[in-house]
Amino acid sequence: MQYHTPGSFDDAATIAAKAEGVTRFLAGGTDVLVQLRADMVTPDVLIDIKHIDGVSDIAREDGGWRIGVAVTGAEMTEHPELDKEWPGVVEAMDLIGSTQIQGRATLVGNLCNGSPAADSVPAMIAAGASVSVVGPDGSRTIKVEDVPTGPGRTSLEKGEVVSAVHLPARGDNGGDAYLRFIPRTEMDIAVVGCGVNLRLDGDRVAEARVSLGAVAPTVLLVEEAAQAVIGTTLDAAALEALSAAASAACKPINDKRGTIEFRTHVAGVLAKRAAKIAYDRAGGAK
Amino acid sequence: MAPDGHGTNGFKVVGTRPNRPDGVDKVTGRAKFGADAAAPGMLHAAIVRSPHAHAKILKIDSAKAEAMKGVKAVVTRADFAEGLTGENWNILENVMASDTALYDGHAVAAVAASTPLAARDAAKLIEVEYELLPHVTDVDKAMGSGAPVIRTGAADKSVPEGMHPNVVRYHESGHGDVEKGFAEADLVLEDSFKTEATHQGYIEPHACLAQLGPDGKGEVWCCTQGHFNVQKVCAALVGTDASQLRVTPSEIGGGFGGKTVVFIEPVALALSRKANRPVKLVMSRSEVFRATGPTASTSMDIKIGMTRDGKITAAQGVFRLQGGAFPGAPMEFTAMCAFAPYALENVHQVGYDVMSNRPKQAAYRAPGSPMAAFAVESVVDQLCNELDLDPIEVRLKNASKEGTKASFGPKFDRIGLVETLEAAKAHPHHKAPLAEGQGRGISCGFWFNHGGETAVSLALSEDGTVSLSVGTPDIGGSRASMGQMAAEELGIPYEKIRTTVADTATLGYNEISHGSRVTYASGLATIQAARDTVQKLCARAAAKWGIDEDAVVWEDGCAKPSGPNAGEFEPLPLARIARSMGRTGGPIVGHFEATPEGAGVSFATHIVDAEVDKETGQTKVVRYTVVQDAGKAIHPTYVEGQFQGGAAQGIGWALNEEYIYGEDGRLQNSLFLDYRIPVASDLPMIDTVIVEVPNPGHPYGVRGVGETSICPPLAAIANAVSNAAGVRLKELPMSPPRILAALAAQADG
Amino acid sequence: MTMIHVTTTVNGDEVEFLCDPRETLLDVLRDRLALTGAKEGCGTGDCGACSVTVDDRLVCSCLMLGAEAEGKSIGTIEGMADGEALHPLQEKFIEYAALQCGVCTPGVLVATEALLKKNPDPTETEVRYWLAGNLCRCTGYDKIIRAVLDTAADLRKAS
């Protein structure tokens, strides 16, 4: 295995473009090293992107935030402002693994690992986040929901590397939340995850994004679930419609973490619970 | 033997809570566990394991691996002893497959190389050609008609004719007439239960460092619950003399029964012999789950009859245990423990030991008993609910006592079940109000406890301090409790004694640290070795004073004349006698060797409150109380630790831990990520009550405490969850999908 | 095999080593630097027995490459006591029997020290969630949690 520590994203992209065999980028390493130790994936080329300037910064950008690819969950949680604007995204990241994992894990790593159960991804999708990508042919920006294409797969081309995450401006009367179901209180992979982001007009929901994790080959953005609450005050009927729409969107599998029936049912339960939190955060409770 | 010398009072050291002698080493990272040893010239080994549940091994080609730089030896079954029979053959077959891989993870070859990475890379280059065979992993399917046969001729004579060849042992016991008993009942309930296999889940993977020379002399360093057993088994499997093999136990990072078994030491020895270099072999976590001892999985049918006022008139149970690809599932313990808490006129129990394509089951803390308690105590709880009776009163009404003919045959000696039930009843937890969504569960549990071969030696130093050598690896703080018992007898401070777990060259044979036997048996041997020492000390004083040995007594750490008639002499402290021992007859060493058979049985009663989220099926254990009879608690803090640890493991077993096999017979969850043991945030504080009803078979009344603590939790939690959810849970673990499915099934009528 | 040369600081001492790019920081600590206090219980970040600090941040040393240690400051259990004086957490763990087999103990102590530096007055729930990545199979956590809470209280009184 070759180990590289490029000083720029262009260099990283160049190394990756030329690499032969299995290539992995190393940010927090909490998936890459597990796969290495478990003999699941032994990269031929490993590109550590933590030596690139600015990768550990959380910075203001167009009223929103630019989050570096090496920013850890712990750094996001400790940031004085981020969780006031995007508590759902910060909580989703914070739910991943232990305190120790939080010291290393990153948003981009969680995204690019391509797991449908990645906790931060539904939260980012609900938030309307995007990522910048540097490749051999230049840069582009893509929506987070367009990155995963299947379990362990992404839409990134050979030689492309994510260089930053962008969270949009929070704006007024908005709130987000993320909930997941796990059998224990910590340390498990999500059996179901749900991110909800709402903007209110008075006490009515004006805009909504609802995203579900671990219920399909990729994280889902569920338009029907959003429509179920837009224009409502999130009353009981709206919550039931939301729950039904969320469950209806599920295309899960039976596996060691849960059954089809369980995931489908709990997706509806979490959608309701997360929506209520997001609604309160958007000021709907006042 | 009756409790002697001391009552339950009058102890000076026993019952206090001194610091453990291994404490500083363990908090500074200095303590040496299995994987922490190194030797000059050491090689590292890796094992090649079958990815198939059941497959004929057609060919093993190690040419590519052997050609790799740094590779020094490859071994297969051909490198082990031939002609073994009985249990040694079974162990070898599990250590290294011969012609058939019997489960996912079964070892088929091993390699030693210069670095751990080189060994792992080389293992991947060893090519094994398999022919897949049909497999079975479920207990009911494995004994059903048409199930693939794991091995013909494995059954012993106990098995009735006409059973599937995978049923390899059969047990039947009981007394009275259950049909007559059921006819006398006002309510008879009958139900079936299943439990999945769980793993002991020790945090330290198996590890060893081994050296075997061409002269047949060898050394093994390993983490084990029984190094004398490692010596015996390894010698047989690699074909050398037991005495030529010295085995030194490392600190052990948890065992709970799982480290009573030999897995990797013979492999490291065989590689070492071939390479003529020391070989270190450390399992990965995945190997631990795939190839070392889970518990048996079970399928059980229980039928109990009760009168309206709570008297049990008859009880019957059928217990089918799947124990992996070898005989040995502890179904007779399951059967014998099932109804032990109850004084029954009519009781009948049947057990089946069933083989399947899974790793060989290993002991796990009271092997077989927790599952039985789950099934039986669930039915008792149902009976209490339906007849509107208090669960503690019903258990008190039917409780086994001294003189009761046990469900498994003999009459109970002095036991403490009633005392644990009374203490539970008096505990504030029993009457505390429950919040919305919560349920309370109560269960009793029983374990036999064990004695076993034991040897202890106690040597005095000239400065009056003491070296105590025991042969039972310290798995729960026993070096402290042994030191306390020796200090008690010798009348010297605890700090003046250093307790060591001695290697196989130092002491006579000691059985494994299992069966909750250490504080009982090594404790008894320590007391006797100390008394032997005292006798020798008194003899030296008698000689000095010129009086009869009988005229000297030992009090408060000094030899004293037994009375005015013996003469007037200043008391002689131990240190004074020790200082001159070289001139008064030589070194003073006390010892004791025996197979004590008076291990007192132990009972416990647990109370647990659980809260169930009916929308997600998630359970939270909100309050837990353990009440258990310890006979006499030598070190109460460590006794509490055993109670709490057993309860926590039981909570994991009840709620989330399970072996999950795919259709292909491969284990799906071989990491701690998906084998979900309780984490700190899952658990409440665990309250403990130590009941002390002395065991007549130990000088201080000690009963083993390590195992009984895991017997009641499965049932207590199942009762709490069932009462909270409003539906009876009959299958473990009660994972959220299972709870939701049970609720849905109930809603569907 | 191309080995990587790494210069780093461990428990305040500068150290150099060569490692294979695949070796984890845990492999390096144990096999190359003979610091065997950190344990491999799982190798996948699930058990916390290998906990160390890297630039004062708590991590699993099994989930970091040895090569990544270049220029960092590593703290392990071997650096917790000050000479012969044990850290108050170490003292309390012995006194409370907050360990049985002791194999998880180095990781638990390193994690707990990091907690108390960040939060000198944690609640029981905060301690439990902070330590959720440190599996203990012996104690049921009860005595560990009590030892941490009482050490924190002692340290607050002393400061």
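In what order do the strands of the open sheet of 4 strands in chain B come? Here are some notes to help you find your way around; keep in mind that this is a predicted model.

1. Let's take that sheet to start with. Its order is 19-18-17-23, all in chain B, and the pairing is mixed. At the edges you'll find strand 19 (497-501) and strand 23 (589-594) of chain B. Each of these two has a single partner strand, so one of its sides has no neighbour in the sheet. Going from one strand to the next, the twist averages 15°.

2. Now look at one pair within the sheet. Strand 17 (residues 454-460) and strand 18 (residues 466-470) of chain B run antiparallel and are joined by 5 bridges. If you want a spot to zoom in on, try L458(B): its bridge partner in strand 18 of chain B is L468(B).

3. There's a helix to go with the sheet. Helix 16 of chain B lies across strand 17, strand 18 and strand 23 of chain B. With respect to strand 17 of chain B, helix 16 runs at about 40°.

4. On to the nonpolar core. The largest one has 403 residues, and A45(B), V111(B), V267(B) and I717(B) are those with the most contacts inside it. Helix 16 of chain B (residues 518-545) turns up again here: it provides the largest share of this core, 12 residues.

5. A45(B) is worth a click. Leaving out residues up to four places away in sequence, A45(B) touches, among others, A110(B), V111(B), A112(B) and A119(B). Its contacts also include V267(B), A268(B), L271(B) and K280(B).

6. Next, chain C against chain B. The contact takes 43 residues from each of these chains. On the chain C side, helix 2 (88-95), helix 3 (105-118), helix 4 (124-130) and helix 5 (142-158) each give two or more residues. Helix 2 of chain C gives the most, with 4 residues. By type, the chain C side divides into 22 nonpolar, 11 polar and 10 charged residues.

7. Last, chain A, which is divided into domain 1 (2-115 + 130-167) and domain 2 (174-281). The C-alpha centres of these two domains lie 25 Å apart, and 14 residues of domain 1 are in contact with 14 residues of domain 2. On the domain 1 side, helix 5 (87-94) and strand 8 (148-150) of chain A each supply at least two residues. The largest share of that side, 5 residues, comes from helix 5 of chain A. The residues on the domain 1 side divide into 7 nonpolar, 5 polar and 2 charged.

Methods
Residues numbered from 1 in each chain as written. Chains lettered and ligands numbered in written order. Predicted model: local features only at pLDDT ≥ 70, side-chain atom pairs only at ≥ 80, totals over all residues. Domains from an automatic or database assignment. Contact = placed C-beta atoms within 7 Å. Nonpolar A, V, L, I, M, F, W, Y, C, P; charged D, E, K, R; others polar. Core = buried A, V, L, I, M, F, W, Y, C linked by C-beta atoms within 7 Å. Buried ≥ 20, exposed ≤ 12 C-beta atoms within 10 Å, placed from the backbone. Pairing = 2+ DSSP bridges. Axes fitted to C-alpha atoms, helices over the stretch in contact; angles between N-to-C directions.
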